[in-house]
Amino acid sequence: MSLFSLSRELLLIILEELDPISLLHFCKSSRYIDSIVANYSTLLYRYELALSGMKDGISSSYSPRERLNPLLRHRNGWLTLNWTSEDKLRIPTPMIVGVSGRFLYHASESSYHGLFQWSLHIYELRSYRTPPVDKLQYCKFNLPFEIRKVAIDAIQNLLVLAELQFPSQDEPITASLHFLDMWTCQQHPQAQNLRFQFQTDWWGTLPPGHRISIERVQIFGIMVGLSVRFGVEEGEGTTELVLVNWHTGIDQQQRFTGDLLSFDILSETCLMVLSHPDEDEDDDSGESAASTWERSQDGLYLHERGKRSPQITIHHIPDGGRLRSAQVISYDLPETWKAISFLKICPNASLKPNVAPPTGTFFHSDPSQRVAVIFVEFASHSIPAGCSKKMALVVKESLFQPPGLGDRTLPWEEWHDRCTVIHLPDDSDAHAFDVVGRKLVFFQSVGEENWVADSRSRLHVLDFNDYAAECLRSIAPRSPAWSWNEKWATASKICKAGTAEFIRTSTTQVQSITWVDATEDAVILYHEREGQTVIRVLTFGDTPVCP
């Protein structure tokens, strides 16, 4: 008996049992099935989830029919850069400002009764993927130390603040992590210790032209990753990385060190480290050595040595123990990329696998479809043939799995077909690469002023969703060139990089942008001028309408 000889009622029962991806594939194979799905809101919602690269939320009190319009408005808003609401904040230019999770924060030094302290402001960002709320949350805390980095995990009510401590000449410079409840700013009830102190390899007062900074703080479950960079003139430097269990305040007893180093905690058992190793580094160590540096009383000096190609290493994080160097898998980047001057992993702001979304979330980016984006820059005088000064390497994050026993190295030739290399035009200057699910957000300066990115810029969003082109055609099926003139004048086009196809949507009008952040719901634009910072939060989506 043919499946299509069954009654519509039986077909509906079968279709209801399919997951969104299977339902999408079934619709692609049969116009008849596609016509049935198009007339049932529950099935249509699941079909559009798969088409959008999204996953359904859990325990939502809203029906699929009520969630369908917010889903379509969210997807189409990103594709056309047409936002639903704008929230604006004007503040004196802070010392630090940014986004962590679904919160915006800024911090600066202030005076209180003649005593200097640091004030931290935290704002909940708007979302149309959750039930409407009467008022977004806001907190302000005064702290007795200088805040260098902020990380927030709202699921765990965890606020991690990083500071640097500069002792006397005979003691090491220390980076501290404070584990706090994000609503009280007191020690988190699950943290056995208020803070973790990380003694760096650098001592005493910094010489002129040298600086130390906290590069990144990342929370994943019970693990917190911390990277600290010591920089010298002309952009040279070295970075140290450590992982710590914030419940116990104990680190993993192993450091990663390198002059170019970036990291991402992929899961509770998997750590990605991006580095540019030297020719004579020991591959079996599991760590990057920083032996290119000579220490003296007035700082660190770089010794030129040969470099291998950049490398991604995936380390296993065992439960309750140290990282074991015997469990490492390495992915070599192209041999011609030896001359890089900068590289980093661009953090992905969407939910990782096995992480539950906030209660009531309607839908969110499918964690299994997340991409890892590696940003690479070459010095102007050493750009390899066939490369651009700035490039982005895009690869599905699921490629990087926890390694088994023993070491393994994959040369570029064995895995390059799993990657998409985006060449940025040599006459552009791209900044602030943010990744959300399968989207890459950045802005391009029109000009430069005194080495700082000019505020006259254009915003770009690259969408690597497998069905992004189909989603775009569903908005304007007969338009060969997509131009949108709503809140912004923007243009979209289908681009190709090798065999991969993606959508590029850009503002055609120049915007006032000094920096950009992105979340699943919004693009956050910063414009600094004359001691003031204007923050614009542009949110995509729509409020569900109950029938």
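Helices here are DSSP runs of H or I with at least four residues, strands are runs of E with at least two, and both are numbered from the N terminus. The exercises below concern a predicted model, whose chain holds seven helices and 39 strands.

**Exercise 1. Describe the end of helix α5 and the residue that follows α5.**

Step 1. Helix α5 covers residues 64-80, which makes 17 residues, and its first and last C-alpha atoms lie 24 Å apart, close to the 24 Å expected at 1.5 Å a residue.

Step 2. The buried residues of α5 include Leu68, Leu71, Trp78 and Leu79, and also the charged residues Glu66, Arg67 and Arg75.

Step 3. After α5 comes leucine 81, with a positive phi near 55°. Most residues other than glycine have a negative phi. Leucine 81 is not a glycine, and yet its phi is positive.

Step 4. Leucine 81 belongs to the loop between α5 and β2 (85-92), and because its relative accessibility is 1%, below the 20% limit, leucine 81 counts as buried.

**Exercise 2. Find a residue in the loop between β9 and β10 that has a positive phi, and decide whether this residue is buried or exposed.**

Step 1. The residue is cysteine 185, in the loop between β9 (172-181) and β10 (195-203); its phi is about 60°, although cysteine 185 is not a glycine.

Step 2. Cysteine 185 has a relative accessibility of 11%, and therefore counts as buried.

**Exercise 3. Work out how the buried residues of helix α1 are arranged around its axis.**

Step 1. In α1, which runs over residues 8-16, the buried residues are Leu11, Leu12 and Leu15. Viewed down the axis of α1, these buried residues fall within an arc of 100°, so they line one face of the helix.

Step 2. On the face turned away from that buried side, α1 carries the exposed residues Glu9 and Ile13.

Step 3. The packing partners of the buried residues of α1 are three helices, namely α2 (20-29), α3 (31-37) and α4 (41-52).

**Exercise 4. Classify the ring pair of phenylalanine 443 and tryptophan 515, and then the pair of phenylalanine 464 and phenylalanine 502.**

Step 1. The model contains 16 aromatic pairs, counting rings whose centres lie within 6.5 Å. For phenylalanine 443 and tryptophan 515 the ring centres are 6.2 Å apart and the planes stand at 80°, and because an angle over 60 degrees is called edge-to-face, that is the class of this pair.

Step 2. Phenylalanine 443 is part of strand β29 (residues 439-445) and tryptophan 515 is part of strand β37 (residues 515-518), so the pair ties together parts that are 72 residues apart in sequence. The two partners can also be placed by accessibility: phenylalanine 443, at 0%, is buried, whereas tryptophan 515, with a relative accessible area of 41%, is partly exposed.

Step 3. For phenylalanine 464 and phenylalanine 502, the centres are 5.1 Å apart and the planes are at 35°, so this pair is tilted. This pair, too, links distant parts of the chain, since phenylalanine 464 lies in the loop between β32 (456-463) and α7 (468-475), and phenylalanine 502, 38 residues away, lies in strand β35 (residues 500-507). Both phenylalanine 464 and phenylalanine 502 are buried.

Step 4. Ring pairs also build a cluster, which joins Tyr331, Trp337, Phe378, Phe400, Trp412 and Trp415.

**Exercise 5. Identify the charged residues that sit over the rings of phenylalanine 263 and tryptophan 78.**

Step 1. Over the face of phenylalanine 263 lies arginine 216, at 5.3 Å from the ring centre.

Step 2. Over the ring of tryptophan 78 sits the charged end of lysine 439, 5.3 Å from the centre of that ring. Tryptophan 78 is one of the buried residues of α5, and lysine 439 falls within strand β29 (residues 439-445).

**Exercise 6. Describe the surroundings of proline 353.**

Step 1. Proline 353 is placed in the loop between β22 (340-346) and β23 (363-365), and with 34% relative accessibility proline 353 counts as partly exposed.

Step 2. Leaving aside residues up to four places away in sequence, proline 353 touches Phe220, Pro367 and Arg370. The C-alpha atom of proline 353 is also 7.5 Å from that of serine 267, although the two residues are 86 residues apart along the chain.

**Exercise 7. State what share of the 547 residues counts as buried.**

The buried share is 55% of the residues. The accessible surface of the chain comes to about 25,200 Å², and carbon and sulfur atoms contribute 48% of this area.

Definitions and conventions: Residues numbered from 1 in each chain as written. Predicted model: local features only at pLDDT ≥ 70, side-chain atom pairs only at ≥ 80, totals over all residues. Heavy atoms only, no water. Buried < 20%, exposed > 50% of the residue type's maximum accessible area, 1.4 Å probe, protein only. Arc of directions from axis to C-beta. Contact = heavy atoms within 4.5 Å. Expected span 1.5 Å × (residues − 1). Areas by Shrake-Rupley, 256 points an atom, 1.4 Å probe, with all protein chains shown as cover. Phe/Tyr/Trp six-rings, centres within 6.5 Å; stacked < 30°, edge-to-face > 60°. Lys NZ or Arg CZ within 6 Å of the ring centre and 35° of its normal.
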